[in-house]
Amino acid sequence: MTAYAALAMQLTAKTVEHLPDDAAARTQILAHIDRVAGQIAATKVFVEQFGGSALKLVVLPEYLFTSFPGRIGVAAFSARAAFDVGGPEYERLGRHAQRLGLFIAGNAYENDRHFPGLYFQTSFVVDPAGDVVLRYRRLNSMYAVTPHDVWSKYLDIYGRDGVFPVADTGIGRIAAIASEEILYPEIARTLALRGAEVFVHSSSEIGSPMLTHKAIARRARAIENIAYVVSANTAGIDDPLLPLASADGNSAIVHYDGHVLAESNSGETMTAFADLDLAALRRARRKPGMKNYLSRQRLELFAETYAGSVQPADSLIDEGAVRQPDREHFKRVQATVIERLDKAGLI
């Protein structure tokens with residue numbers, strides 16, 4: 001299918017950290033998945049009646065079902081909120097994707113049996129057969145473990161294809177970008193050079209009538225890579241300690257030439273939907289000319305610069321063993337990097 005409707009669904013993230021125990025958290029997560037599935041089902045009818053195109057892709061916001069970790073430790077959050085690969089949360093999402101005949105893209109914290117006690121922030125895509133066809137672990141995060149923090153072991157297990165996955169699906173070649181990673185052009189470019197045509201971007205960010213950093217970046221990543229960006233933001237975070245609308249608004253679908261096809265205002269809404277025309281995108285990628293930025297890359301020019309290290313790999317591996325960080329570990333690493341850049345006269 002080379003043309004279809006896509007939806008960036010703006011919904012409220014619900015925290016689980018305040019709940020009395022892990023069992024209550026798991027019950028709330030599954031109930032939230034079912035509620036969202038009901039909203040998707042009703043929205044599918046509206047989008048198809050309004051626009052006339054079959055809705056095939058729904059992108060959900062960042063950490064929709066648990067909110068972000070912040071007040072409990074890494075191991076405690078892993079037990080309370082992180083999904084297990086093949087666990088009941090994915091099974092429930094797969095069942096709904098199959099029933100609705102949709103690709104559902106989302107974002108969750110995820111356990112990994114190779115790294116007990118840790119979790120990774122994972123962007124996923126579930127296909128209409130109910131299978132997880134894409135699993136991308138966020139590579140650049142401020143206060144959470146990433147594959148780069150355990151790089152040597154992670155790469156041995158999953159290889160480069162597991163680090164930068166692209167799913168070749170019936171609705172195009174899909175890749176995921178997590179949250180603020182939209183600000184790092186290297187991630188999108190790497191995925192585009194692996195064939196990605198549609199970036200699904202689950203985010204939780206401050207909305208604004210002004211252009212935010214992420215709003216600018218979404219357009220830039222689309223233009224640079226001749227790719228669609230389907231970006232779903234939260235409609236606030238339901239947390240007793242936070243004002244509800246702290247991360248709300250501006251879910252958007254961006255055309256591969258950089259203009260915004262649809263954008264939401266604030267609150268829970270399904271108004272950011274639009275048609276994606278992959279046939280037109282593919283024609284644009286095959287057309288010689290100055291605007292074909294993807295084909296004009298001279299990557300060898302930058303190889304030496306990119307071979308250097310800014311943020312160090314393996315910050316959580318000591319003598320071959322993976323250790324569990326406290327929340328301040330990541331800030332300490334960044335402070336060390338800034339100090340090193342300063343001493344080198346680079347900042």
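The following exchange covers the nonpolar core, the cavities and one loop glycine of a predicted model.

Biologist: Which strand gives the largest share of the largest nonpolar core?

Modeller: The largest nonpolar core has 97 residues, and Ile 40, Leu 57, Leu 60, Phe 65, Val 198, Phe 199 and Val 230 touch the most other members. The largest share of this core is 8 residues, and these come from residues 3-14, strand E1.

Biologist: Which residues from 221 onward does Phe 199 touch, leaving out those up to four places away in sequence?

Modeller: Phe 199 is among the core residues that touch the most other members. With residues up to four places away in sequence left out, its contacts include Ala 175, Ile 177, Ala 188, Leu 191 and Ala 192. From 221 onward, the residues touched by Phe 199 are Arg 221, Asn 225, Ala 227, Tyr 228, Val 229 and Val 230.

Biologist: Which helix gives the largest share of the lining of the largest cavity?

Modeller: The model has 2 cavities of 30 Å³ or more, and the largest holds about 50 Å³. Its lining consists of Ala 215, Arg 218, Arg 219, Asn 250, Ala 252, Val 254, Val 260 and Glu 263. Two or more of these residues come from each of helix H6 (213-225), strand E11 (252-254) and strand E12 (260-263). The largest share, 3 residues, belongs to H6.

Biologist: How many charged residues are in the lining of the largest cavity?

Modeller: That lining includes Arg 218, Arg 219 and Glu 263. Its residues divide into 4 nonpolar and 1 polar, and the charged ones number 3.

Biologist: How many residues does H1 give to the lining of the second largest cavity?

Modeller: The second largest cavity holds about 40 Å³ and is lined by Ile 33, Val 36, Ala 37, Ile 40, Leu 60, Phe 65, Leu 93, His 96 and Ile 104. Helix H1 (22-51) and helix H3 (88-100) each supply at least two of these. The lining has 8 nonpolar residues, 1 polar and no charged. The largest share is that of H1, with 4 residues.

Biologist: Is Gly 130 buried, partly exposed or exposed?

Modeller: Gly 130 sits in the loop between strand E4 (119-126) and strand E5 (132-137). Buried means under 20% relative accessible area and exposed over 50%. The relative accessible area of Gly 130 is 22%, so Gly 130 is partly exposed.

Biologist: What separates the C-alpha atoms of Gly 130 and Arg 194?

Modeller: Leaving out residues up to four places away in sequence, Gly 130 touches Gly 94 and Gln 98. Arg 194 is 64 residues from Gly 130 along the chain, and the separation of their C-alpha atoms is 24 Å.

Definitions and conventions
Residues are numbered from 1 along each chain as its sequence is written. This is a predicted model: local features need pLDDT of at least 70, side-chain atom pairs count only at pLDDT 80 or more; totals for chains, interfaces and linings use all residues. Side-chain values use heavy atoms; hydrogens and water are left out. A nonpolar core is a set of buried Ala, Val, Leu, Ile, Met, Phe, Trp, Tyr and Cys residues joined through side-chain atoms within 4.5 Å. Buried means under 20% relative accessible area, exposed over 50%, partly exposed in between (1.4 Å probe, protein chains only). Contact means heavy atoms within 4.5 Å. On a 1 Å grid over the protein atoms alone, a cavity is a set of points where a 1.4 Å probe fits but cannot get out, and a pocket is an open set with protein on both sides within 12 Å along at least five of seven lines; lining residues have an atom within 4 Å of a point. Grid points are joined across faces, edges and corners, and a volume is the space filled by probe spheres set on the points. Ala, Val, Leu, Ile, Met, Phe, Trp, Tyr, Cys and Pro count as nonpolar, Asp, Glu, Lys and Arg as charged, and the others, Gly among them, as polar.
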